[in-house]
Amino acid sequence: MSGRVLRFPHKAVSSAEAQSAALRVLATPIADRARLAIHLALDEPETLLAVCGRLRDQLESSPASVRDDADFLYRFIEKPKRAIGLFDERDYFLGETALIGGTACRILFRRDDARRWFDRAEAAFRHTLNAVAEWSRVAYQRLALRLEEHQLDEVLELAPSLVASFEKLEMHKDALKCRFLEAVALKEGDRLSEAGDLFRRICQDAETVGSDKLLAIASYNLLQIHGFLGQAEEAMVEAARALPILRRLNNRVGIAKLHWGLAYLLRSQGRLAESLDAFRAAQTEFSEIGMRADVAAVHLVLADVLLELGQDSQATLEVLAALPVIEEEKMVPEGMAAFSLLRESVRQQRINRQALRDLHGYFEEIQS
Amino acid sequence: MNTILSKRVDEVDSVFKRTLPMVHSSLISAYRLSEVEATEAERDLEVWFHRLSRRGSGAQVPPKSLRVSLLAAACQYGRSFQIWRLRGSPSRDKSLNDVLSREPQEMASDLAHHFAEDS
């Protein structure tokens, strides 16, 4: 047998001081943080807990900066191997920063990076004392990634088991989030009535557990379903319910998607000029939070609407803005044929409408 | 500190205090720590347990659900301490060897089971 005693340094930062310590850390440029680590109390578990909490809160509003912050923290904790906190705390913080980084990458469309971060999170959480709960959170993120990759059957198969795990662990909010993925998968699979029922139950439960965030996102999805079913009035009611909550939460991803949903609804009703405004509002939100892939996707949809309005030269400009980003970010490996056709047609100054629709149709599926 | 947060801290505190006698007796009786060593361990366990309750997963569950993790941490502490003290050699105390041969999580689950029966 071999073993060692874990030594436990006394904490230098109290939980009361931790929030201001976290603010100091995040206000310090990343390049300076390692040098100022002692001054910033960066290896103190209270500081790290508060920083992780802030990063989780900012995932939907600034995913790009959260990814960079999480990346820095993970590397800082990882090497050189630092004695952080008590018992399993170093492993927990490694896992948590990896999970946050992976979630940010998922939101930013960086799927391979996201998977790599989730692998790191699982590896680190393996050494924690509450590993099942932490693994379940990683499993949720992996399921969300599958949904974004349109693996609907897998999501519908795996979600109930994960919901059961969360319920067993008494993590009711996470269970609700998981049912949310199930509802989106139903929606994506055109099982709109089942999806609508599930979203309505999620709205009720979100109100019960006091989760404004889930309530707003479920409302947004109900809006979309009403939109698909041509139920404009009901859709507007859901938008009116969701928007103020999203604004209060500063959930800019949610706000952008809400504009996106409204834009589609307006478009389906033939209100093209209004839909252009709504698409542009969505694009502005995506752009301000660094979601380049989504900005490119909106460019394509805008091009389609502009073609419908007979504004071909404006449409060409929109496509030209989108193509380099799509290529650079390797966004649509499955849609490469449509991408090539579209690029060629733009070169010939006559947009291939079918290729454009194939490409943004693919985006619509993966965005919702 | 807002009221909800303060209530949560009180709940965590209450769970810790209710579990402490079992933690103490495990450290003393099962892992053969001295009173002083056990008290020192319990101080660290209290700090750690409060932070556990504020983690990404811990923050949303009722504190009593984290009891088994507290017991696992206590068992891990006791086990690591004794293995270090024995420098890898077996003890002359057979029951201590039996305890050290078990995984802390397994020990903790048994203790939590007894706790549920006692409550």
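The C-alpha centres of domain 1 and domain 2 of chain A lie 24 Å apart, where domain 1 covers 190-283 and domain 2 covers 291-368, with bounds that come from an automatic or database domain assignment. This is a predicted model, in which local features need pLDDT of at least 70, side-chain atom pairs count only at pLDDT 80 or more, and totals for chains, interfaces and linings use all residues. Residues are numbered from 1 along each chain as its sequence is written, while chains are lettered from A and ligands numbered from 1 in the order in which they are written.

Between the two domains, the contact (C-beta atoms, placed from the backbone, within 7 Å) takes 8 residues from domain 1 of chain A and 8 residues from domain 2 of chain A. On the domain 1 side, helix 15 (residues 272-288) of chain A provides the largest share, 6 residues; helices here are DSSP runs of H or I with at least four residues, numbered from the N terminus.

Chain A also touches chain B, in a contact of 25 residues from chain A and 23 residues from chain B. On the chain B side, helix 3 (67-85) of chain B and helix 2 (35-52) of chain B each supply at least two residues, and helix 3 of chain B gives the most, with 8 residues.

The table divides two of these sides by residue kind, where Ala, Val, Leu, Ile, Met, Phe, Trp, Tyr, Cys and Pro count as nonpolar, Asp, Glu, Lys and Arg as charged, and the others, Gly among them, as polar.

| Side | Nonpolar | Polar | Charged |
|---|---|---|---|
| Chain B, touching chain A | 10 residues | 9 residues | 4 residues |
| Domain 1 of chain A, touching domain 2 of chain A | 4 residues | 3 residues | 1 residue |
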